[in-house]
Structures are given as structure tokens and as C-alpha cells.
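User: Please take a close look at one part of this model. Then show how that part sits in the whole.

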Amino acid sequence: MLGGIVLLGSCVQWLTGMGFALVAVPALVLLLGPAQGVVLANCAAGAICVVGLAGGWRRVRPRAMVPLCLAAAVTVPVGSWVARRLPPAELLVFMGALVTVAVVVVMRGARLPALRGTRGAVAAGATGGFMNSAAGVGGPPVSLYALNAGWTVREFVPNALFYGVVVNAFSVASNGVPHLGAARWGVVVMGMVVGASVGRVLAERVPERRARMLVLLLALIGGLTTLGKGLWGLG
């Protein structure tokens, strides 16, 4: 199951330029527990972003990325602090609710004047940093910032990858690395490699809009499932 989850997340990341955390985090949390699921997602998503950024780093916009990343650096420790202090059931509810709300907001394509300019970058970065370290999902605020800034997909992808590298590095530094044996790490790496290969093939055949909607649908199902399990535990 671990290999399948990572494979699916890696596949959709290469297919759409986003989505590893949205798709994989709910399943990883249910499989490994909230703490280990989040830190594994941070490690895997960061590694995928590093590889993806190798060919597009020249299109990164430093003026937009500096406030995003600095704001994330401030709020990542806050997210880690909150996650460590919540009981398991409450943490599942928190994570499930964050993922579900994030997916719904992105699906609606919210236009928010507050998410424009430097202030918008700071707000998106701060929110994304907190969400990434607390729940492993830091991409939606940056997606909304890019949408409100009028970025094209070509402009968004390398900048999102750059942000993913930085915020996941901060999150790993704050949360640590997952405690997995050599066999499990091998499964994770294999899942990432196979998922990347499948995603690249599908990217040439599946329309981008349809692929993104599929990613968001899978993420919504995962978020609701995690939320439901947490609520069941509270009951």
C-alpha cells in the first residue's frame, strides 16, 4: 500500500505539476499515522520538486518567491508545534478539514484581492508554511496566489516547484525524517521512480484540465475520509 500511495502521488505530480501532497497525505496519514505520514510526505514531495525544478529553475521569479519563502519559514515551526500537541483523533480531524477546505477553495478558483502583490505573497507563504508542516499540504495557498496574480501554467509550475523545495526543506528540518526501515525506504523510492515514469507518459495523452480535476477529486475523497476517521475516533 505504501508503494502504491507514493506511486500515485508521484504520478499526479508529474502529470499536473502539483498534487502529490493533496493526493498522498490523507492516505499516508491513515496508513502510517499523522506524524509519520506528514514527514514522509514532506520528504517525498521535496525530492520530487528538486528533480522537477532541475529543468525550469531559470523561470523562477525571485521577487515573488522571496516573500513567500520567508513567510513560510516563520510559520513552519508553528504548524509543527500545533501538530505535536493535538491528540491523534483531533489531529486527523484537523488534517482532514484542512485538505478538504483547501481542495474546495482551489476547485472554486477563488479570486481574492488580498492575495495580490507582496502582501498576498506573504499571506500565501505564511498559510502554506503552516499547512505544510502541520498537515503536509502547503500548495493550495500558493496556487491561489498564482491564480490571483494572473500567472499562466508555464509560469506557475517552476515557481511552485521552487516553493515546494524550500517549504518542504523547512518542514523536514522542523519535523524530522520518518522512521522507516531500509525496505520501506526502498519501496518509497521505487514508487517515486515508477510514478514519475507513468506521469510523464500520461502527461502527453491526458488533457491538463481533466487531469487537474481528477487530482482534486482524489484529494477531496482523501480529505473527507481522514476527517471521517478523526470524527469517529472522537466519538
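In what order do the elements of the protein chain run from the N terminus on? And what can be said about helix H6, residues 117–135?

Analyst: This is a predicted model: local features need pLDDT of at least 70 and side-chain atom pairs need 80 or more, while totals for chains, interfaces and linings use all residues. Residues are numbered from 1 along each chain as its sequence is written, and side-chain values use heavy atoms, without hydrogens and water.

From the N terminus on, the order is α-α-α-α-α-α-α-α-α-α. That comes to ten helices and zero strands. Both are DSSP runs, numbered from the N terminus: helices are H or I with at least four residues, strands are E with at least two.

Now to H6. It has 19 residues. From its first C-alpha to its last it reaches 26 Å, close to the expected 27 Å. The expected span is 1.5 Å times one less than the number of residues. Just after H6, Gly 136 takes a positive phi of about 80°.

Which residues of H6 are buried? They are Gly 120, Ala 121, Ala 124, Gly 125, Gly 128, Gly 129, Met 131, Asn 132, Ser 133, Ala 134 and Ala 135. Buried means under 20% relative accessible area, exposed means over 50%, and partly exposed lies in between (1.4 Å probe, protein chains only). In an α-helix there are 3.6 residues a turn, so residues three or four places apart point the same way.

Two residues from other helices help to place H6. Take Val 76 in helix H4, residues 62–85. Val 76 counts as buried because its relative accessibility is 1%. Its C-alpha lies 8.5 Å from that of Gly 128, though the two are 52 residues apart along the chain. Beyond four places in sequence, Val 76 touches Gly 129, Phe 130 and Ser 133, and also Val 167, Phe 170, Ser 171 and Ser 174. Contact means heavy atoms within 4.5 Å.

Next comes Asn 42, in helix H3. Asn 42 is buried too, with a relative accessible area of 1%. Leaving aside neighbours within four places, Asn 42 is in contact with Asn 132 and with Gly 136. Its other partners are Asn 168, Ser 171, Val 172 and Asn 175.

H6 also feeds the largest nonpolar core. A nonpolar core is a set of buried Ala, Val, Leu, Ile, Met, Phe, Trp, Tyr and Cys residues joined through side-chain atoms within 4.5 Å. This one has 35 residues. Leu 2, Phe 20, Leu 22, Leu 28, Leu 40, Val 103 and Val 188 touch the most other members. H6 is one of the elements that give two or more residues to this core, including helix H1 (2–16), helix H5 (88–108) and helix H9 (182–203). A second, separate core has 21 residues, among them Ala 64, Leu 68, Phe 156 and Leu 161. Back in the largest core, Val 188 touches Leu 2, Val 6, Leu 40 and Leu 180, not counting residues up to four places away.

Finally, the whole chain. Buried residues make up 50% of its 235 residues. Of the contacts between residues at least 6 apart in sequence, 85% join residues at least 24 apart. The C-alpha atoms fill a box of roughly 45 × 35 × 30 Å along the principal axes.
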